[in-house]
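Work through the exercises below with the sequence and the structure at hand. Each task is followed by a solution in steps.

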Amino acid sequence: MDRYLVISSDTHAGPPTERYREYLDPRYLEAFDADVAANQQLIGARRDLVDTGDFEEKWEDETGDGGKKASWDSTARNIELDREGIVAEVIFPDADVLGGGASAPFGAGLGSSGDLDGELVMAGARAHNRWLAELCSESPERRCGIATVPILHDIEEALTEIRRIANDGFRAMMIPTLWGSQPAYNDPRYEPIWAACADLGIVLHVHSGGASRDIISPPGLVAIYATEAWWWAARPLWALLWSGAFDRNPTLKFALTEDGAWWLPGIVKRMDEKWVGGHNTAKLGDAFRQHVSRRPSEYFGSNIFVGASTPSREEIERRHEIGVEAFLWGNDFPHPEGTWPHTRESIHDTFFDVPESEARRMLGGNAAAVYRFDVAALSPLAEKIGPTLEDVHSPEVSAAN
């Protein structure tokens, strides 16, 4: 085709907070009310931390109510994706446009951690997963929902939820980024989780958003969080890899989403050097080969994938160091820090000089394979709305750049 089939590996959805009430087990409704009240106070406190000027006013003038409604309304969502030239999407929790709510109950979304109440966070996860299953059922060929499964507190309960979401048609799930006071992800207690995901074809995810709570006050609180948030999301990668999870479960797929890709070439190169061995690792003996049979870089594109949401030109230019076959483009819809409503321009500005075969893989082909989208079912829509080759590869610089 003369158009690109574009799949976003990173979008977000969630209903207005009160809508979660109907998806919660009734015994948690009183706790839900308290959670909503606490979150409203937290939202107010966050707004007091920084002066955003007239950003929100300008953003709402530009986007209207489209982003908010598309966070939960299927028809509005498809309209916005069509405008952006996106035929399919991988959907994470916490739409939360401009900090206004729409987050999974009890912290079960992007900020989930081992320091939360295990029973409540699982209740919140189930509520979100029930709601998300309904959203995905309205355009199943276009949507791959990421169920959220807090695995840190109760392994058996987590396994029950994994089997339930698989039965509901989910092909992917997200685990907490922060294990906190719970055992880290190299601990053997999690092996049944990794094995279940491999056996059921569930793609395992972490997503940027959570961070340590050891810094809780100004000055510099928000800036410090933004500077180091990538590291907390990256940490599960090497915990899983060095523990041998991918060797024990060769079909296990793991994606690290919305955490950038700028840091990967350097650290993967260092991990390769450690695995190969040399003067600076001689004293550590076989530490880097005990559970890992290949160079760490060789797991990228087969077991490990990078949901490089809103990638920069630097990341695109270093795509071969990251691995074209491991690269999953995303637009972070509907978050203001994403590319919406200028995704077509953004794709041009970052991919204009990338060979077509590589651009097709990164913009949609890899995601179609990893998340098992039906390309034949999506192709007619791509022929209608997808960016053309000229749209992407024109030498002209877009007005948005």
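**Exercise 1.** How many bridges join strand S7 to S8, and do the two run parallel or antiparallel?

Solution. The model is a predicted one. Begin with the ranges: S7 covers residues 304-309, and S8 covers residues 327-330. The two strands are joined by 4 bridges and run parallel. Within this pairing, Ser309 is found opposite Gly330 of S8.

**Exercise 2.** Sort the residues of S8 by the way they point, and state whether they are buried or exposed.

Solution. In a regular strand, side chains alternate between the two faces of the sheet. Applied here, Phe327 and Trp329 point one way, while Leu328 and Gly330 point the other way. All of these S8 residues are buried.

**Exercise 3.** Describe helix H4 from its start to the residue just after its end.

Solution. At the N-terminal end, Asp73 acts as the cap of H4, with a side-chain oxygen 3.2 Å from the backbone nitrogen of Thr75. Along the helix, residues 74-84, the buried positions include Ala76, Asn78, Leu81 and Glu84. Just after H4 comes Gly85, with a positive phi of about 80°.

**Exercise 4.** Which residues have the most contacts inside the largest nonpolar core?

Solution. This core has 90 residues, and those with the most contacts inside it are Ile151, Met173, Trp194 and Phe351. Its largest share, 9 residues, comes from helix H5 (residues 118-137). A separate second core has 23 residues, among them Leu110, Ile146, Val370 and Ile385. For one residue of the largest core, Ile151, the residues touched include Met173, Pro176, Tyr185 and Trp194.

Terms used
Residues are numbered from 1 along each chain as its sequence is written. This is a predicted model: local features need pLDDT of at least 70, side-chain atom pairs count only at pLDDT 80 or more; totals for chains, interfaces and linings use all residues. Side-chain values use heavy atoms; hydrogens and water are left out. Buried means under 20% relative accessible area, exposed over 50%, partly exposed in between (1.4 Å probe, protein chains only). A polar contact is a pair of N or O atoms within 3.5 Å; within protein, one must be able to donate a hydrogen and the other to accept it, and residues adjacent in sequence count only if both atoms are side-chain atoms. Two strands pair if DSSP finds at least two bridges between them. A nonpolar core is a set of buried Ala, Val, Leu, Ile, Met, Phe, Trp, Tyr and Cys residues joined through side-chain atoms within 4.5 Å. Contact means heavy atoms within 4.5 Å. Lists of a residue's contacts leave out its neighbours within four places in sequence.
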